[in-house]
Amino acid sequence: LYLYRSILIIISFLYVNTSLSSTIVSHKAYYDLEFLTNETPSVVEGGSGKSSFLLEKQCKGWSLKETFAITFNLNNKDNSKNFSIFSSFEDFTAKNFSFEHLDKNDLEKEMFYSGYVKKNKNILNGQIFDKKSEKFSFDDDILFPTEHLEILLENAKKNINFHTSKVFFGSDKDNLVKVVSAFIGKKIDTDISINNKLLKKQVWPIQLSFYNLNQKNPNPKTKVIAYVDDRGIAHSYTVDYGSYKMKGKLISIEKVSKSKC
């Protein structure tokens, strides 16, 4: 069922660009996950899990790796164990982006694919490798995740509340590009009590609505509220899938040393 596939989209918003504040750091963060049902009936009646997020500044760009281990409580009283890894690399010029995604669960066959995309002005050309190789292209004003985060953080600093963009993520092979509508709230105190110098005392609540490209239905496929500080660290987040929600809360974080170039 790959029920948590769009969770991986959130991670793209934690990318950081060298043009941002020098206080932003490479880091590895660990989250507790909780699943709550919004309505009855729902395929998911609850669940819990763990995730880890690694963001590392390398010589030519930023490397990201996100791992999920989740157990869903299903409405037929069964449980579904799920394991997922999404990793990607974006160069500092935001011209080259590569990605790979592995999904395993108890109900469906293992899924794995990888791909890359290159950008030249508004032209994106790439290739995705699944059971077979398939080329794709887009001719539109499409951002990579780093560019998108940079705009969101700059808007947050300037108290600009609204922004809508098309963003290439790669975390859903059937919908590589998403339309993302963002509302940025005023800074608030974090509710995370972890004592770590990496964490700021205040965060921006950023509400994100995700739509498939060329979607006709006006309702977003997924809604996210992420509480992000100016170092690009998510203190907590909630993903609303409609019939159920996933809540993630930071439980520990550690600094990652920069690569020697």
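## A tour from the aromatic cluster outwards

Start by selecting Phe97, Phe99, Tyr113, Phe136, Phe138, Phe144 and Phe168: together they form one aromatic cluster. Before you go on, know that this is a predicted model, where local features need pLDDT of at least 70, side-chain atom pairs count only at pLDDT 80 or more, and totals for chains, interfaces and linings use all residues. Residues are numbered from 1 along each chain as its sequence is written, and side-chain values use heavy atoms, with hydrogens and water left out.

**The rings**

Rings of Phe, Tyr and Trp (its six-membered ring) pair if their centres lie within 6.5 Å; planes under 30 degrees apart are stacked, over 60 edge-to-face, and the rest tilted. That rule gives 13 aromatic pairs. Zoom in on Phe136 and Phe168: their ring centres are 5.8 Å apart and the planes meet at 20°, so this pair is stacked. Phe136 belongs to strand β8 (residues 133-139) and Phe168 to strand β10 (residues 162-168), so the pair ties together parts that are 32 residues apart in sequence. (Strands, E, have at least two residues and helices, H or I, at least four; both are DSSP runs, numbered from the N terminus.)

Are these two rings buried or exposed? Buried means under 20% relative accessible area, exposed over 50%, and partly exposed in between, with a 1.4 Å probe and protein chains only. Phe136, at 14%, counts as buried, and so does Phe168, at 0%.

**Charges over rings**

Stay with the cluster and add Lys119, which lies over the face of Phe144, 4.4 Å from the ring centre. Then jump to Trp204: the charged end of Lys187 sits over its ring, 4.5 Å from the centre. The test here is NZ of Lys or CZ of Arg within 6 Å of the ring centre and within 35 degrees of the ring normal.

**Strands β4 to β6**

Next, show residues 79-91 (β4) and 96-105 (β5), which pair in the antiparallel sense over nine bridges; to pair, two strands need at least two DSSP bridges between them. Ser84 stands opposite Asp103 in β5. Four residues lie between the strands of this hairpin, and Ala94 takes a positive phi near 55°.

Now add β6 (residues 111-120), antiparallel to β5 over eight bridges. Here you meet a cluster member again: Tyr113 in β6 is the bridge partner of His101. β5 and β6 also make a hairpin, with five residues between them.

**The disulfide**

How many disulfides does a search of the whole structure find? One, taking a disulfide as a pair of cysteine sulfur atoms within 2.5 Å. Select Cys59 and Cys261, whose sulfurs are 2.2 Å apart. The link is left-handed, with -105° about the S-S bond. Cys59 is in the loop between β2 (44-57) and β3 (61-74), while Cys261 is in the segment after β16 (244-255), 202 residues apart. Cys59 is partly exposed at 41%, whereas Cys261 counts as exposed at 77%.

**Zooming out**

Finally, show the whole protein: two helices and 16 strands, with 50% of the 261 residues buried. Count contacts (heavy atoms within 4.5 Å) with a separation of 6 or more, and 54% of them are between residues 24 or more positions apart.

Colour by pLDDT, the predictor's confidence in each residue from 0 to 100. The mean is 85, and 87% of residues reach 70 or more. Residues 1-6 fall below 50, with 30 contacts beyond near neighbours in sequence; residues 14-22 are also below 50, with 33 such contacts.
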